[in-house]
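Dear colleague,

I am passing on the structure that we spoke about, and my notes on it follow below. Please read them with the model open beside you.

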Amino acid sequence: MALFIDGANLYASVKALNADLDFRKMVESFRARALLTRAYYYTAMVEGEEFSPIRPLIDFLDYNGFHVVTKPVKRFTDGQGQTRTKGNMDIEIAVDMLELAPHIDHAVLFSGDGDFRRAVEAVQARGVRVSVVSTLKVQPPHIADDLRRQADDFIELAELVAEFGRPRAPTAPPSVRSGPPESGS
């Protein structure tokens, strides 16, 4: 088994559920269920900042057995002259899923982003069962319907939060986001 965690997407979903995850308990739970080959965590990082609010999480995950994949956030000016940031990790996740497919029989994707539907289908064609973790328990749902239908299993994030989550601290640091959530993600 391998875990593929879209950090920005998971953060938005857990935040919408008004909770935080205990990543150590989560990975231990998955290790108890199957031989965990790898646990990936993907996030974009703002470069050049003296302190990044996401750095403590990245360091914690790195020290606790996660393979952390980062890339710099890109800044651009939109048509209205506003500065925006972009840090999409979809390609990195899709490529890693496809590269690891010959070595696993179960992939668990923590994302509701419908852009992953085709990557899930390609991994399934290589004989890998794919479970998708996201939530239908918030409005709007954070799982794209076509991704949920493509997956072999849908795991409701709210149930996992009950297992290894905790109520959100009132001063939780913001996450680096790859932009506004896409429709259904």
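To begin with helix α4, I91 and E99 are exposed on one side of the helix, and I should say at once that this is a predicted model. The other side holds the buried residues of α4, namely D90, I93, A94, D96, M97 and L100, and because these fall within an arc of 165° when seen down the helix axis, they line one face of α4. An α-helix has 3.6 residues a turn, so residues three or four places apart point the same way. The cover over the buried residues of α4 includes β1, β3, β4 (67-72), β7 and α5.

The contact with α5 can be described further. The axes of α4 (residues 90-100) and α5 (residues 117-125) come within 9 Å and cross at roughly 5°, and the two helices are therefore roughly parallel to each other. In this contact A94, M97 and L98 of α4 meet A119, V120, A122 and V123 of α5, and the residues involved divide into seven nonpolar, no polar and no charged.

Turning to the interior, the largest nonpolar core has 26 residues, and those with the most contacts inside it are L3, M26, F66 and F110. Among the elements that each supply at least two residues of this core are β1 (2-6), α2 (23-33), β7 (106-110) and α7 (157-164). A second, separate core has 23 residues, including V69, L109, F116 and V120.

With best wishes

Note on methods: Residues numbered from 1 in each chain as written. Predicted model: local features only at pLDDT ≥ 70, side-chain atom pairs only at ≥ 80, totals over all residues. Heavy atoms only, no water. Axes fitted to C-alpha atoms, helices over the stretch in contact; angles between N-to-C directions. Helix = DSSP H or I, 4+ residues; strand = E, 2+ residues; numbered from the N terminus. Parallel < 35°, antiparallel > 145°, perpendicular 65-115°, else oblique. Contact = heavy atoms within 4.5 Å. Nonpolar A, V, L, I, M, F, W, Y, C, P; charged D, E, K, R; others polar. Core = buried A, V, L, I, M, F, W, Y, C linked by side-chain atoms within 4.5 Å. Buried < 20%, exposed > 50% of the residue type's maximum accessible area, 1.4 Å probe, protein only. Arc of directions from axis to C-beta.
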